[in-house]
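Let's take a walk through this model together, going from the sheet to the helices, then to the core and the aromatic rings. Keep the viewer open as you read.

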Amino acid sequence: MADIASIDTLQKLITRGPFNRWLNFTILKIDESGIELKAAWREEWVVNPDRKYTHGGILAAIVDVAADYAIAAQLGRPVPTIDIRVDYHKAAMPGDLTAKARVVRSGSQYSTAEAYIYDNDGALVASGRGTYFTAPPPPPKPGTSRSTATTGSSSSSPPWRGCSTAWTSSSST
């Protein structure tokens with residue numbers, strides 16, 4: 001396991017992805033117990049214009065990213081989500097949200113982390129736990145870039161091309 005990342009290092013990692021930039025995350029704190037981050041509220045999060053509460057999918061995304069980056073703070077890289085569960089405790093009204101996340105179990109292949117989201121008043125609005133694939137990425141094949149090595153192809157073909165496609169068979173009987 002790598003040393004715990006600095007706030008600056010984790011901020012650079014979290015803002016690499018366009019979706020994370022759209023959620024406007026700011027890393028507030030990192031220590032041995034986990035991380036704390038802020039998601040700056042956006043009008044686009046509103047699901048009901050009359051009531052102005054935040055869509056549950058946004059809250060689930062914040063739980064997922066916070067838990068993932070609690071792991072990233074230890075590994076030095078974000079990791080893919082395998083499974084996630086989110087509980088909604090109250091409506092998240094307009095205003096920045098703060099997530100606190102910690103690693104529950106760190107393994108060589110899989111890790112578990114949990115996150116809690118609070119509104120501006122400090123009330124818990126959502127919480128969740130995820131399982132993440134933490135095995136190290138395979139080394140690139142000689143003469144290929146990282147993106148080619150991980151997809152197996154440099155073309156724009158979908159990654160499932162060449163897989164069994166019985167479910168897409170043209171026969172309808």
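Two strands count as paired here if DSSP finds at least two bridges between them. That is the sense in which A115 stands opposite G128 in β6. Please keep in mind that this is a predicted model.

With pairing defined, start from the strands that hold this example. β5 and β6 pair in the antiparallel sense, and nine bridges link them. Now zoom out to the whole sheet, which is open, has six strands and runs in the order β1-β2-β4-β5-β6-β3 with antiparallel pairing. Why do β1 and β3 each have one side without a neighbour in the sheet? They stand at the edges, β1 covering 25-31 and β3 covering 81-88, and each has a single partner strand, so one side of each is left free of a neighbour in the sheet. Ignoring direction, neighbouring strands of this sheet are turned against each other by 20 degrees on average.

At the β1 edge, you can follow the chain through a hairpin: β1 and β2 form it with two residues between them. Their pairing is antiparallel and runs over six bridges. Within it, I27 stands opposite L37 in β2.

Next, look at what lies against the sheet. Helix α1, residues 7-14, packs on it and touches β1 and β2 (34-39). The direction of α1 makes about 145 degrees with that of β1. Helix α3, residues 56-75, also packs on the sheet, touching β1, β2, β3, β4 (97-105), β5 and β6. Here the angle between the direction of α3 and that of β4 is about 50 degrees.

That brings us to the interior. In soluble globular proteins, nonpolar side chains tend to be buried together. The largest nonpolar core of this model has 36 residues, and those touching the most other members are L10, I35, I62 and I117. Two or more residues come from each of α1, β1, β2, α3, β4, β5 and β6. Which element gives the largest share? It is α3, with 13 residues. To see one of the well-connected members up close, select L10: leaving aside neighbours within four places in sequence, L10 is in contact with I27, I30, I35, Y69, A72 and A73.

Finally, the aromatic rings. A pair of aromatic rings is described by the distance of the centres and the angle of the planes. With centres required to lie within 6.5 Å, the count comes to two aromatic pairs. In one, the rings of F19 and W22 have centres 6.1 Å apart and planes at 20 degrees; planes under 30 degrees apart count as stacked, so this pair is stacked. F19 and W22 are three residues apart in helix α2 (residues 18-23), which means that about one helical turn separates them. Both are partly exposed, F19 at 45% relative accessibility and W22 with a relative accessible area of 28%.

The other pair is Y110 and F133, whose ring centres are 5.8 Å apart with planes at 55 degrees, so the pair is tilted. Y110 lies in strand β5 (residues 110-118) and F133 in strand β6 (residues 124-133), so the pair ties together parts that are 23 residues apart in sequence. Y110 is partly exposed at 45% relative accessibility, and F133 is partly exposed at 32%. One more ring deserves a look: K100 lies over the face of Y118, 5.4 Å from the ring centre.

Conventions:
Residues numbered from 1 in each chain as written. Predicted model: local features only at pLDDT ≥ 70, side-chain atom pairs only at ≥ 80, totals over all residues. Heavy atoms only, no water. Phe/Tyr/Trp six-rings, centres within 6.5 Å; stacked < 30°, edge-to-face > 60°. Helix = DSSP H or I, 4+ residues; strand = E, 2+ residues; numbered from the N terminus. Buried < 20%, exposed > 50% of the residue type's maximum accessible area, 1.4 Å probe, protein only. Lys NZ or Arg CZ within 6 Å of the ring centre and 35° of its normal. Axes fitted to C-alpha atoms, helices over the stretch in contact; angles between N-to-C directions. Contact = heavy atoms within 4.5 Å. Core = buried A, V, L, I, M, F, W, Y, C linked by side-chain atoms within 4.5 Å.
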